[in-house]
Amino acid sequence: MPRSSDLPDCFYQSQPIIISPNRPTPKHSLYLSNLDDQKFLRFSIKYLYLFRKSTSLDGLKYSLSRALVDYYPLAGRLRTSSEDEQKLEIDCNGEGAVFAEAFMDCTADDFLEVSSRPNRSWRKLLYRIEAHSFCDIPPLIVQVTSLRCGGMILCTAINHCLCDGVGTSQFLHAWAHITANPNWDPPIVPFHSRHVLKPRNPPHIPFDHPGFTRIATGKDHLNQNQYLQPLVPTSSTFTPSHILELKRQCTPSLKCTTFEVLASHTWRAWVKALDLSPSLDVKLLFSVNVRKRLKPELPQGYYGNGFVLGCAESTAKEVASANLHSGVKLVQQAKSALTDDYVKSMIDLLEDKTVRTDLSATLVISQWSKLGLEDLDFGEGKPLEMGPLLSDIYCLFLPVIGHFDATRVLLSVPERAADKFEYYMNDFSYI
């Protein structure tokens, strides 16, 4: 393998194949909720797994065909609703998932040496579908890349309109369970219907929702690109002792979780590194699982988008200069606002298709570190490494393989700000 962090090319001996459910599945249109159908989520979640030992390719294909019987919407195709051209739905037609096989002339240890942060050469680890639109891309794409050492890299692209992080983890564990235990059914039965999150008629929106903004129809809203390009990935790992050191700055007057203290710390580092105007209003958006916050709770096995974004907001000056206690308090207040009534108000708000997630001067954090993604086992052992295939403008809190209580923070920032951001991430002084 070359000394650079770029990976060698993948060699494909054949074209990708389509894996369809191995038994007949229901044929119908699946309604997507307003949480599923946000413009903000019209992309695929791309996971990368590195395994020391390969799993049989035939076994993976067969088990995937079985998993797609239970998770048959992932074998369907997205389409525009006939009733509303701005609304998406799933045509559950059983067409199937894309499965590609490749070989790369490197070892698992070679990959581990360059795995601290993604780079653009990793894109070759997932087969690229040429498509005219987002709807033309199959909801599930898989590539298994065999390595010289006998290991493998598994990459998946799962459409975010169908699943959130909890849902993708649930599906991947079902697939792995069937692979390793072909005679046993997966432990969780998937719940498909999204009607449990239908908006009210008429809509009732008694709350302000600062994480959203309205735009003129047909215009984009990603004006944050004026200061977020070009981007380079940064990676910071926080051990339990690091996290305890941060929490001590809040106690005893304020008890806080690891997520709350790391989210506040990352937001402050991001604001300071970008050197934003002191008077600029800045926001922190972060994913919160609301499955158990709703009344009634979402059914067990619900794998659609069951999260909303909490929103903390302040000025750049206040975020950069405040102590950690103040930042954590803002995060906690944003979390506590996400009651059943508030979430239902948000769902009703999203009936207005001019409403978009406000990404201007905003840091978005998604937590992957408590989803069990790192425990995936197809029968040959858990992964040596897991994370995103790509790093983008969203900040990810990732698990650290072999260190249950540690968290890796991955975020791409402007190249000019990368060194400063990593410096502030490692600076625990708030005096």
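These are my notes on a few spots I looked up in this predicted model.

**Ser81**

I started with Ser81, which sits in the loop between strand S5 (77–80) and strand S6 (88–92). Buried or exposed, I wondered, for Ser81? Its relative accessible area comes out at 12%, and the cut-off for buried is under 20%, so Ser81 goes down as buried. Then I pulled its contacts, skipping neighbours within four places in sequence: Lys87, Leu88 and Glu89 came up.

**Thr168**

Next stop was Thr168, in helix H3 (residues 165–180). Its relative accessibility is 0%, so I filed Thr168 as buried too. What does Thr168 touch, not counting residues up to four places away in sequence? I got Ile45, Tyr47, Ile158 and Cys163. I also checked Thr168 against Glu83: they are 85 residues apart in sequence, and their C-alphas are 28 Å apart in space.

**Strand S4**

Ile45 and Tyr47 are on that contact list, so I moved on to strand S4 (residues 44–51). Seven of the eight residues in S4 are buried. Which way does S4 run relative to strand S9 (residues 152–159)? The two are antiparallel, joined by eight bridges. For a concrete register I noted Leu50, which stands opposite Ile153 in S9. S4 also pairs with strand S16 (residues 385–388), again antiparallel, over four bridges. There, Tyr47 has Pro388 as its bridge partner. A reminder to myself for reading side chains here: in a regular strand they alternate between the two faces of the sheet.

**Aromatics**

How many aromatic pairs does the structure hold? My lookup gave 17. The one I opened up was Tyr71 with Phe171: ring centres 5.3 Å apart, planes at 75 degrees, so I logged the pair as edge-to-face. Tyr71 is in the loop between helix H1 (57–70) and S5, while Phe171 is in helix H3, so this pair ties together parts that are 100 residues apart in sequence. Both Tyr71 and Phe171 are buried. They also belong to one aromatic cluster, whose other members are Tyr49, Phe51, Trp175, Tyr303 and Phe378.

**Charges over rings**

Last, I went through two cation–ring placements. Arg194 lies over the face of Tyr302, 5.9 Å from the ring centre. Lys198 has its charged end over the ring of Tyr31, 5.2 Å from the centre.

Terms used:
Residues numbered from 1 in each chain as written. Predicted model: local features only at pLDDT ≥ 70, side-chain atom pairs only at ≥ 80, totals over all residues. Heavy atoms only, no water. Buried < 20%, exposed > 50% of the residue type's maximum accessible area, 1.4 Å probe, protein only. Contact = heavy atoms within 4.5 Å. Pairing = 2+ DSSP bridges. Phe/Tyr/Trp six-rings, centres within 6.5 Å; stacked < 30°, edge-to-face > 60°. Lys NZ or Arg CZ within 6 Å of the ring centre and 35° of its normal.
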